[in-house]
Each structure stands twice: as structure tokens, then as C-alpha cells.
Amino acid sequence: MFKPKSIIKSLKHQESELKEDFSILCWNVAKLTLKSSYKEFVDTLIQEHKLDILLLQEVKKHLSHELELHDYSYVLSPNIETKKHMFGVLSAFKSSCHSEQAILSKKQELRYATHKTSLITHHKTSDDQTLLVVNLHAINFVKSSAFKHELDSLHVNIKNHQGAMIVAGDFNTWNAKRVAYLREFSSSLELTQVGFSNEKDIKRVFSNTLDYIFYRGVELISSTVVDSKKISDHNPIIAKFKL
């Protein structure tokens with residue numbers, strides 16, 4: 001197990017703008033992306049919810065094989081690389097991506113001495129503006145102050161963006177301090193948290209929600225949590241927006 005060298009990407013929609021109405025899936029897939037049960041389930045989600053953007057955490061990719069991602073473009077920002085596999089956050093989309101930036105955490109998690117990663121992508125919209133999207137898997141097994149430091153680092157990289165923004169992922173907010181730091185982070189960027197009528201189905205630790213979608217500069221149309229049938233220990237969360 002060692003520190004990854006670079007991001008992996010496949011961009012096939014560079015002439016396409018993001019639709020005015022678009023749906024986002026955010027899901028920690030628990031390294032199960034090579035399993036048939038995952039593939040069948042995500043296929044169903046894509047068909048039923050007409051998903052435009054997939055924000056996945058803990059993706060597992062075989063180094064010698066392409067990802068099976070239908071007709072999506074994608075960027076994979078790894079935090080772990082072994083002799084055969086790469087693991088990390090993956091953002092997939094059917095619109096152009098004119099820039100991407102991976103931010104590897106400064107700190108390492110104690111259990112495996114691994115880093116965590118955030119991925120920033122920029123997508124052109126129909127009104128000739130840019131939607132900034134952050135896909136994040138927050139660092140765990142460190143002090144809350146280290147968690148805050150990593151949020152601060154992300155903040156520096158996105159604070160100057162003018163316009164629409166989506167920040168989503170598994171924030172590992174399992175205690176009150178982490179939740180408070182996340183609130184400060186989202187407030188400083190004027191982000192609104194997506195609410196869910198079935199919020200009890202979102203992954204929790206010590207009664208604290210781990211998975212979130214935040215937004216600004218777009219209108220929230222609908223949101224839902226989907227039962228993953230125990231494929232992952234997290235349930236997917238989906239939000240539909242209008243530019």
C-alpha cells in the first residue's frame with residue numbers, strides 16, 4: 001500500500017453543457033465497485049433517477065481495467081494505490097469538465113496510515129457560467145483539530161469561486177466538534193444543506209449524520225435517501241437541482 005501518483009480521468013463530454021435540471025448521487029460505496037451486486041444496483045439508480053452526476057467515495061478500481069461507468073466521463077482522485085488496485089473518490093458526469101484538482105490530506109489516518117482526498121471539478125452550464133463540484137471523503141481516526149485543518153485547506157481552494165457550488169460526500173462527522181466545524185465551513189461559503197424527509201436512513205455514528213450534500217446558486221427540487229439493500233454500510237443520497 002502506498003501513496004498514489006496521480007489522478008485518473010476519462011473525459012468524453014467536453015462539448016456538452018450541464019443540463020438546466022440535473023440530479024446528483026452521493027454515495028460511499030465501501031470499496032464494492034467491482035462486485036456484481038453493486039453494478040446491478042447502481043445501474044438501477046441511474047435508470048430510475050436519471051442521474052447526471054455521480055459523487056462516489058471509497059471507489060475501488062483495478063489498475064489494468066477500465067471502470068464500467070456506462071457513458072459517463074469521470075475523474076478518480078485516489079488516496080491509496082496497491083500493486084493491483086487504486087482506491088479513492090470518483091466524480092462522474094455527462095457534461096464537460098474544464099478543470100479538476102485533487103487535494104490529498106496532509107494528515108494520515110492512524111489505522112492504516114493512509115491519506116484521504118477531496119476532488120474539485122468545474123462544469124460549464126447552459127448560461128455560460130461554471131458549477132464547482134466538490135466530492136469529499138473526510139479524514140477519520142485523527143483529532144478533531146486535524147479534521148478542521150483539512151476543511152480549512154479545502155476552503156482556501158474554493159472560497160474565491162463566484163457562482164454555483166455543490167459540496168458533497170462522507171464527512172465522517174461522528175462527534176459534536178466535527179459537526180460544528182462542518183457548520184462553520186458551510187456557513188462561510190454560504191452553502192445550504194440538503195434536507196431529506198427520510199433522513200433517519202442516512203448513515204449515522206453516535207446519532208450524527210456522516211453523509212451530506214450542500215449547495216448554493218442552484219434551486220433544490222427534490223431529495224431522497226435510497227435503501228442500498230446492505231450493499232454498502234452507507235445508503236445513497238440523491239438531490240435534484242435547477243440552475
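Guide: On a 1 Å grid over the protein atoms alone, a cavity is a set of points where a 1.4 Å probe fits but cannot get out, and its lining residues have an atom within 4 Å of a point. This model is predicted: local features need pLDDT of at least 70, side-chain atom pairs count only at pLDDT 80 or more, and totals for chains, interfaces and linings use all residues. Residues are numbered from 1 along each chain as its sequence is written, and side-chain values use heavy atoms, with hydrogens and water left out.

Visitor: Which residues line the second largest cavity?
Guide: Two cavities of 30 Å³ or more are found in the structure. The second largest holds about 40 Å³ of space (a volume is the space filled by probe spheres set on the points). Its lining consists of Q193, V194, F196, E199, I202, T209, D211 and Y212.

Visitor: And which element gives the most to the lining of the largest cavity?
Guide: That cavity contains about 140 Å³ of space. Fourteen residues line it, and S118, L136, A138, I139 and E150 lie nearest its centre. Two or more lining residues come from each of strand 6 (99-104), strand 7 (117-124), strand 8 (130-137) and helix 2 (144-158), where strands (E, at least two residues) and helices (H or I, at least four) are DSSP runs numbered from the N terminus. With four residues, the element that gives the most is helix 2.

Visitor: Which strands stand at the edges of the sheet that contains strand 8?
Guide: Follow the order of this open, mixed sheet of six strands: 6-7-8-9-13-10. Two strands count as paired if DSSP finds at least two bridges between them. Each edge strand has a single partner, so one side of it is left without a neighbour in the sheet; these are strand 6 and strand 10 (192-193).

Visitor: Which residue in strand 9 stands opposite N135?
Guide: Look at where strand 8 meets strand 9 (residues 165-170): the two pair in the parallel sense over six bridges. Opposite N135, you will find A168.

Visitor: At about what angle does helix 3 run to strand 13?
Guide: Angles run from 0 to 180 degrees between N-to-C directions. Helix 2 lies across strands 6, 7, 8 and 9, at about 165° to strand 8. Helix 3 (residues 176-188) lies across strand 9, strand 10 and strand 13 (211-216), and its angle to strand 13 is about 20°.

Visitor: Now for the seven-stranded sheet: which strands stand at its edges?
Guide: This open sheet has the order 1-4-5-3-2-15-14, with mixed pairing. Its neighbouring strands are turned by 25° against each other on average, direction ignored. A single partner strand is what each edge strand has, so one side of each lacks a neighbour in the sheet; they are strand 1 (8-10) and strand 14 (219-225).

Visitor: Which residue in strand 4 is the bridge partner of K9?
Guide: Strand 1 runs antiparallel to strand 4 (residues 73-81), and three bridges join them. Within strand 4, the partner of K9 is V75.

Visitor: How many residues apart in sequence are the parts tied together by F22 and F241?
Guide: A search of the whole structure finds eight aromatic pairs, meaning rings of Phe, Tyr or Trp (its six-membered ring) with centres within 6.5 Å. F22 and F241 form one that is tilted (planes neither under 30 degrees apart, which is stacked, nor over 60, which is edge-to-face), at 5.7 Å centre to centre and 35° between the planes. Because F22 lies in strand 2 and F241 in strand 15, the pair ties together parts whose separation in sequence is 219 residues.

Terms used:
On a 1 Å grid over the protein atoms alone, a cavity is a set of points where a 1.4 Å probe fits but cannot get out, and a pocket is an open set with protein on both sides within 12 Å along at least five of seven lines; lining residues have an atom within 4 Å of a point. Contact means heavy atoms within 4.5 Å.
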